[in-house]
Every structure is written in structure tokens, then in C-alpha cells.
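This report describes selected features of one protein structure, moving from its strands to its rings, helices and loops. The sequence and the coordinates are shown first.

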Amino acid sequence: MVRFSGDSDPEYQKVAHALRSIYGYIHISSGPHLQRSGVAEDGVSPDNEPLPANVPTIDSPVAAEVLTKRQELMDLLDFDEIGARLLSLKAPHNKTCTWFLENEKYRQWLDLQNVGDHHGFLWIKGKPGSGKSILMKFLEERTRLSVAKDPKRLFASFFFYAPGEHLEKSTLGLYRSLLWQLLQNATDLQRVLDEFDFNAWRVTKRSGWQIEALKKTIERAIDYLGDRDLSVFIDALDECHDDDVADMVSFFEDLGERAAGKRIRLRICFSSRHYPFIELRCGFEVILENQDEHSEDIARYISSKLRLSKSKQAQNFRNELLVKSAGIFLWVALVISMLNKTSAGGRVDQLQKCLSTIPMGLDNLFDMILARDDEDMDELRFCIQLILFAIRPVTLTEYFFALRRAGDKDLHDSWTAKEVDRDDMGRFALSSSKGLAEVTKTRKKDKDPTVQFIHESVRDFFFSESGRRRLWPSFNHDGFTGIGHDALKLRCLAEVEAYQSRGSQASTGSAQDLIQMWPFLRYATDNVLVHANQAQQYGVSQDGFLLQFSGYQEDWVKLYNAFEKFRSRHYSNTVDIIYILADNGLNSLLQIHPRLSSHLNIRGGRYFLPLAAAVLLKHNAAARVLV
């Protein structure tokens, strides 16, 4: 808290002047009203509402408190991954997507004269890999350009991303992102944050934003739009949980109907696969692969990327490739890469034969990619397991060292994260995954990017029976998942073991030093028990692991404490494994622990009893096991 001697204090005047220069007018629609001193002499606020008498100026303590609360609530909206998915999407190929600007339904959506009929809704649907997200990125960028030229236009966007962090694939992240963007771009709308009473502000500050509070705040912000125009783009609804999507669509339908009734200029554009099947009460629907112009976009892409002459025979070949694509852009992009490798070797005459061996459909194509190259198959299997079953997306550096050190333990002694070029790591990610994984882009330049599949359809493929059997022919779905988590558990345990035999002879050191020398060690420490718990849940016994882990527990505790920044969450050297399992909600491991029945005699940790830890941290399944 900054304290001043009075309003003549020079330091106070500096702060007051800075606030005035940044915010200008601040008018709050309910509660205390603030006015920039000496500016609104006619007693009228910026939105032409009369200001009440005895308005406190921005120099007042009331104003400072309001601004502080606003900023605290804004900070709780923000998260690192806002916009990260949009950054990772490739830009549309030259001259593609422009046809959509002339699409009749899109133009009617833009025209809000008949908003009572469509409530500002447009839903773009298409097959996996057809290019929906690229089109949505194109529309978002066009809207961004128009907003820059017209202060009365606003926009916000969210691209669901199933492999990402929790907020990237949940409606909680959606609402937080949309509200944050809206209040950042139209700061006068931050007045809605002043409508939080003390209790609501206190709860939000303590527990974070809750979905119902976010919905209500978005609704109030849209009420304050006035004569401004807001466009919202939400991509990949199919990458969010079905029940959450249904509730979200219902919310936006109510929002659209409410806006139409109040003559508020609101547009909402969704995109998804053909599921989840939700029928809008009002709005337009565009099926991407049914549009002739979409096929023309693919034809342009083929002409541009496929290295062939302009002969009639070459054109016939392009037409055949177009027909075989069935409107799936991703299939075309992968196949053209294969064809160009054939022609680059001077084997142009082999192109037709090459194309004839390439199957239609993404799943069949992925299967062929895996079947044609049987080198380093163990490395490929672990690569797929790492991306599929990681508790969180692994960074590029973690990915590189997780795979390379799994096959070459001497890397522990010879390389650190600083000594490997990021471009080399990127090339390794591409080759080890046989082209099925890519390095994402990040919102922050200094942040390590993550490694993910090139498209969500790759993940779908490996969870399908045909995809699973290509690399793991003897497992059903649960067995496949259980073995995957067990493989990651073993790799994490191996990292802790390697640290124990090499690194723990010295002092543990800072978290940053550990990460530089052992880039996969943070992930291994955080998740070795989590993967073991998941493996047990899916039927892979962990009885032997619990006994084995006891030999590493002391070093694991040291590492956990080194990586955990809050000292109140640190474990003592004598902490019991049952307390650790309860504290982390690992109910499947608790269930099989041979000393489970004695848990009431175990003391340790900040919650004293394992049962207290499970209950207070809301690990309900673990609490039930203990009870």
C-alpha cells in the first residue's frame, strides 16, 4: 500500500497525473461515479448520461480503490495461452478463402438489418482437415483489419484446442478470453467490473472467475456496447466437452436473442465438425465441403504447391488429385509433400504410380505413412504415447530430451538444454514423429513452444481401432491407454533414477539450474505418480511400482520441494507416501496400497491427516477410498 501525506504531496500528484493521462473520463454506471477533474464541466458523461452531484474525482481514494479492483479482476481473466492456438495456425494460402467474403449467407450475416431473423449467428461446418480453422483465422484477421479502421467495431475470438492446457479447451477459458479481449479493447466497458459487490470481488479474488459470473459479466458488457458493433469468432467447438458446448451454444443463443431485441449489433460465428449435432433456433449454416469455391481453393493450392509442368497430362494429374482429396485440405498438403519428393528425384514418370498407391481419407493416409517406414519404431511408439498421454503438453525441449535420453543415457553427461539448437530439436520432432507432429507457436517469444500433432484428426486416428492396431496390435482401448501411461511412468521414473545416480550427489540447486541440466526432470517429478495412478486405473497393475518408488522417495521429495515455489506445500523428508497420494488425489494408487487401512495413524503435511488433505483439497474419489 502506497501512503501519502496529503493531496499536496508531490508523489501523490505524480500518481494522480498518471491516472488522469491514462484513463481520461471514467464513468461508472452503478455505484460511485468518477469524473476527470475539470474536464466534464457540463456535467455530462462520455455516454451522454448526466453525472450525479458530488461526483468524486479521479484523484479521490474512492477512485483509486475502484481502479485497483478493476485491475485485479482483469489480471484474473488473463492467462498465458490466450491466442496461442491462433498463432500456431498456418496462414491461408495465397488467394484462398477470399471467396467466402462473397458467400450469400456470410453477407447476410454481416447485414444486421434482418437480425431479428438470424440473431447474428453463422455456423461453419466441415469434415476433419477440410480447412475450417484456416478459414476462421482468415475471417478473424479480416475483421481485425476493419476494426483498426473503425473505432465503432469490436471483435473477440477463441480457438478451442483439445491437446492444449485446460483453459484452451474449456468454456471457462473461452469466457475468460472473450471477456478479457473485450475489456482490453474497449476500456470504458470495464465499468461492468465495478458492479461486483465486496463479497463477489473477494470470492473471485480468492477462487478465480467462475463460469456463471463470467456469463453475467459478458452479458452486462454487451448491454453497454451502445452503437458499437461486436463480432465474435469461436472455432473448433468439437474440441470441447459435448455437455459444455451445448450449454455454451444455449448461452450465446440467449445472448443473440437478447441483443436483437435491444437492437445491439452482435454477430457470433461458430465453426466445428459435423458434430456435436446442435440445431440453432436461428442463424445460417455453411457446409464447407459442399461449396464449389472450396474445391477451387484446393485446386489453386495444388497448382501452386505441386511441382509439375503446365502440360495437359500434368493438368489431368492435378484434377485426379483434386477428386481424390474429397475436399480435405490436410490430405492434399500431406500427399503433395510425398509427390514432390518423388518428382524431386527425377522420377516424374513415377508420380501416377505413387498417387495410385495413396489411399483416400485421412485415417487411411496416416496408416500408410506409418506402414511405409519401419525405422526407429520404438522411438515412434514413445513419441505417440508422449503426445497422446502427457498430463500437459510437453515443451519442445522436454520432448527432445525425453526421447533422446530414453535411447542414449550418455546424454545426461554430455548435453544440457543450452547446448542443443532449437531448430535441431524441431527437426528431430518432425522426423521422430514421421511428420505427424509439429512445433507450435507461442504468444511469448521467450517461451518454449510445445510439440503437438499436426491436426486433431491424428489423435482421433490413434484412438481408433485401426490406428491403435498399427503400432499396438494386441491392445484394446483401455489396455492401450493403460500401457501408454505406464510407459510414461517408467520414463519419468528413469529420469528421477538418473538424477539420483548422477545429480543428487551435489546439492539440489535452484529449479532453473535443474531444468537446464535435466530438461525433462520437472515433468518427471510432477507426473510420475500421476501416470502410475492412470495406468492402475486402466488396468495395468502398479503394486510393484509402489514398492520400487519407496527407494526413490527421498530424492523425489527433494526435487518436488525444489520445483514447488510455495513453501507451505513442501513435504518433510519423513512424509508418508499415503499422505502424498491423498494430497494429490491419486485414488487408484491409494486403493492398492498395502497400508491403506492405517491411514488414520499417519501424520504429515500441512493438513496433518491424509483424509483431511483429500477432503479439504476436494479430491472426492481419494476421500471415498480413505473413508
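Two strands are taken as paired if DSSP finds at least two bridges between them. The model discussed here is a predicted one, and the values below should be read with that in mind.

## Strand β3 and its neighbours

Strand β3, which covers residues 229–235, pairs with strand β4 (residues 265–272) in the parallel sense, and 6 bridges support that pairing. Strand β2 (residues 153–159) is also parallel to β3, the two being joined by 7 bridges. Individual residues show how these strands line up: serine 231 of β3 stands opposite arginine 267 in β4, while phenylalanine 155 stands opposite serine 231. Serine 157, in turn, has phenylalanine 233 of β3 as its bridge partner.

The connection from β3 to β4 involves helix α10 (residues 242–261), and together β3, α10 and β4 make a right-handed β-α-β unit.

## Burial of the strands

Strand β3 is mostly covered, with 7 of its 7 residues buried. This holds for both faces of the strand: Asp229, Ser231, Phe233 and Asp235 are buried on one side, and Leu230, Val232 and Ile234 are buried on the other. Strand β2 is largely enclosed by the rest of the structure, because 6 of its 7 residues are buried.

## Aromatic pairs and a cluster

The structure holds 32 aromatic pairs. One of these brings together tryptophan 109 and phenylalanine 233, whose ring centres lie 6.1 Å apart; the planes meet at 65°, over the 60 degrees required, so the pair counts as edge-to-face. The pair links distant parts of the chain, since tryptophan 109 belongs to helix α4 (residues 104–110) and phenylalanine 233 to strand β3, 124 residues apart. Both tryptophan 109 and phenylalanine 233 are buried.

A further edge-to-face pair is formed by phenylalanine 251 and phenylalanine 252, with 5.2 Å from centre to centre and 65° between the planes. Phenylalanine 251 has a relative accessibility of 9% and therefore counts as buried, and phenylalanine 252, at 3%, counts as buried as well. These two residues belong to one aromatic cluster, which is formed by Phe121, Trp123, Tyr175, Phe251, Phe252 and Phe270.

## Charged groups over rings

Tryptophan 123, a member of the aromatic cluster, has lysine 125 lying over its face, at 4.7 Å from the ring centre. In another such arrangement, arginine 191 lies over the face of tyrosine 224, at 4.7 Å from the ring centre.

## Helices α10 and α16

Valine 249 is found in helix α10, and its relative accessibility of 1% is under the 20% cut-off, so this residue counts as buried. Although valine 249 and glutamate 279 are 30 residues apart in sequence, their C-alpha atoms are 9.6 Å apart in space.

Helix α16 runs over residues 377–389 and has 13 residues; from its first C-alpha to its last it reaches 18 Å, close to the 18 Å expected at 1.5 Å a residue. An α-helix has 3.6 residues a turn, so residues three or four places apart point the same way. In α16, 10 of the 13 residues are buried, and the helix is thus mostly covered. The buried residues are Met377, Leu380, Phe382, Cys383, Ile384, Gln385, Leu386, Ile387, Leu388 and Phe389.

## Cysteines

How many disulfides does the count come to? The count comes to 0 when a disulfide is taken as a pair of cysteine sulfur atoms within 2.5 Å. Two cysteines may be described by their accessibility: cysteine 282 has a relative accessible area of 23% and is therefore partly exposed, whereas cysteine 354, at 18% relative accessibility, counts as buried.

## Positive phi angles in loops

Phenylalanine 608 has a positive phi of about 75° although it is not a glycine, and this residue is found in the loop between α28 (587–592) and α29 (610–616). Lysine 618 likewise has a positive phi, of about 65°, without being a glycine. The place of lysine 618 is in the loop between α29 and α30 (620–626). With a relative accessible area of 67%, which is over the 50% cut-off, lysine 618 is exposed.

Conventions:
Residues are numbered from 1 along each chain as its sequence is written. This is a predicted model: local features need pLDDT of at least 70, side-chain atom pairs count only at pLDDT 80 or more; totals for chains, interfaces and linings use all residues. Side-chain values use heavy atoms; hydrogens and water are left out. Helices (H or I, at least four residues) and strands (E, at least two) are DSSP runs, numbered from the N terminus. The expected span of a helix is 1.5 Å times one less than its number of residues. Buried means under 20% relative accessible area, exposed over 50%, partly exposed in between (1.4 Å probe, protein chains only). A crossover is right-handed if, with the strands pointing away from the viewer, the path from the first strand over the helix to the second runs clockwise. Rings of Phe, Tyr and Trp (its six-membered ring) pair if their centres lie within 6.5 Å; planes under 30 degrees apart count as stacked, over 60 as edge-to-face and the rest as tilted. A charge sits over a ring if NZ of Lys or CZ of Arg is within 6 Å of the ring centre and within 35 degrees of the ring normal.
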